[in-house]
Amino acid sequence: MALLTIALTSAHAEPVRILAFGDSLTAGPGIDATDSLPAQLKRRLSEDGYNVEVVQGGVSGDTTTTGLARLDYTLGAGPFDIAVVELGANDMLNGHDPKITRANLDRILATLKQKGVRPVLTAMVSSANHGQAYKKEFDSVYPDLAAKHEAPLVPFILEGVWGSPALLISDGIHPNAAGVAKIVKKIAPFVERTLVSMGARRTSRAQ
């Protein structure tokens, strides 16, 4: 038992590596890298006492199709313990078939789990521009897949950000530093629950 305790303590002496895998919402166009989602998530988790490294894996313009295509390459920078999967906004904006979005995200989540990476899925919702039938089908993708893969599901991360000029950069689309902070506030508790589930401990300073 003593040896097991020592082994667990040693394992958590190294930072937990988290991949932020997404599109422009993760990449952070128009803001400093220090204000991007990965950087702010790292600060939030560190302030809460967790020893983590958050790796930037966001590519502006990515759809679930292009995200899936680069997943193996991105995971080559691992190993990773957790991946925050933030994809689908561009699928919706371009009116891609929700069945394709579903299939791509399904494969992304399955691949992560096969490689021992715990996924945290962030939900996207469709606007009404493509009709109610499209919206219903698209919006169902995220809760369905979260349930299938037993992954935490972060509710729509742009709620309260989208359409709020004070939280967006000049293009009126992407979040500014304050908007990202609001998104991180929503994501962080789900990541922290995942950290707890894998045995990560807070530093004594934060307890």
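A cavity here is a set of grid points where a 1.4 Å probe fits but cannot get out. Keep that in mind for a later stop, where the largest cavity holds about 30 Å³ of space. This is a predicted model, so start with how far to trust it.

**Stop 1: colour by confidence**

Colour the chain by pLDDT. The average is 92, and 92% of the residues score at least 70. Now select residues 1-12: the pLDDT there is below 50, and beyond near neighbours in sequence this stretch has four contacts in the model. Where pLDDT is low, the predicted coordinates should not be read in detail. Hide that stretch if you like and move on.

**Stop 2: the sheet**

Switch to cartoon and pick out the strands. Five of them form an open sheet in the order 2-1-3-4-5, with parallel pairing. Which strands sit at the edges? Strand 2 and strand 5 do, and each pairs on one side only.

Begin with strand 1, residues 16-22. Seven of its seven residues are buried. Show the side chains: Val16, Ile18, Ala20 and Gly22 point one way, while Arg17, Leu19 and Phe21 point the other way. In a regular strand the side chains alternate between the two faces of the sheet. Arg17 is worth a click, since this residue is buried along with the others in the strand.

Next, look at the partners of strand 1. With strand 2 (residues 52-58), strand 1 pairs in the parallel sense over seven bridges. Two places to check along that pairing: Ala20 stands opposite Gln56, and Phe21 stands opposite Gly57. Then turn to strand 3 (residues 82-86), which runs parallel to strand 1 and is joined to it by five bridges. Select Gly22 and you will find Glu86 of strand 3 opposite.

Carry on across the sheet. Strand 3 pairs with strand 4 in the parallel sense over four bridges, and Val84 stands opposite Val120 of strand 4. Strand 4 covers residues 118-122, and four of its five residues are buried. To finish the sheet, select strand 5 (residues 153-154): two bridges join this strand to strand 4, and the two run parallel. Leu121 has Leu153 of strand 5 as its bridge partner.

**Stop 3: the cavity**

How many cavities of 30 Å³ or more does the structure hold? Just one. To find the largest cavity, select its lining: Glu86, Leu87, Gly88, Ala89, Thr122, Ala123, Met124 and Ile157. You have met Glu86 already, opposite Gly22. By class, the lining has five nonpolar, two polar and one charged residues.

**Stop 4: the pocket**

Now for an open space. The largest pocket has a volume of about 290 Å³. It is lined by 17 residues, and the closest to its centre are Ala89, Met92, Leu93, Leu158 and Trp162. Put those five up as sticks and centre your view on them. Ala89 also appears in the lining of the largest cavity.

Which helix gives the most to the pocket lining? Helix 5 does, with four residues. Select residues 89-93 to see helix 5, then 24-27 for helix 2; each supplies at least two residues of the lining. Colour the lining by class and you get 10 nonpolar residues, six polar and one charged.

**Stop 5: Ile100**

Select Ile100, which is in helix 6 (residues 98-114). Is this residue buried, partly exposed or exposed? Its relative accessibility is 42%, so Ile100 counts as partly exposed, because that class lies between the buried limit of 20% and the exposed limit of 50%. Leaving out residues up to four places away in sequence, Ile100 touches Thr64 and Thr65. For a distance check, draw a line from Ile100 to Leu145: the two are 45 residues apart in sequence and 13 Å apart in space, C-alpha to C-alpha.

**Stop 6: Glu192**

Last pick: Glu192, in helix 8 (residues 177-197). What does this residue touch, setting aside residues up to four places away in sequence? Show Arg44, Leu45, Asp48, Tyr50 and Arg202 to see the contacts. Glu192 has 10% relative accessibility and therefore counts as buried, because buried means under 20%.

Note on methods
Residues numbered from 1 in each chain as written. Predicted model: local features only at pLDDT ≥ 70, side-chain atom pairs only at ≥ 80, totals over all residues. Heavy atoms only, no water. Buried < 20%, exposed > 50% of the residue type's maximum accessible area, 1.4 Å probe, protein only. Contact = heavy atoms within 4.5 Å. 1 Å grid on protein atoms, 1.4 Å probe; cavity = no way out; pocket = protein on both sides within 12 Å on 5 of 7 lines; lining within 4 Å. Points joined across faces, edges and corners; volume = space filled by probe spheres on them. Nonpolar A, V, L, I, M, F, W, Y, C, P; charged D, E, K, R; others polar. Pairing = 2+ DSSP bridges. pLDDT = per-residue confidence, 0-100.
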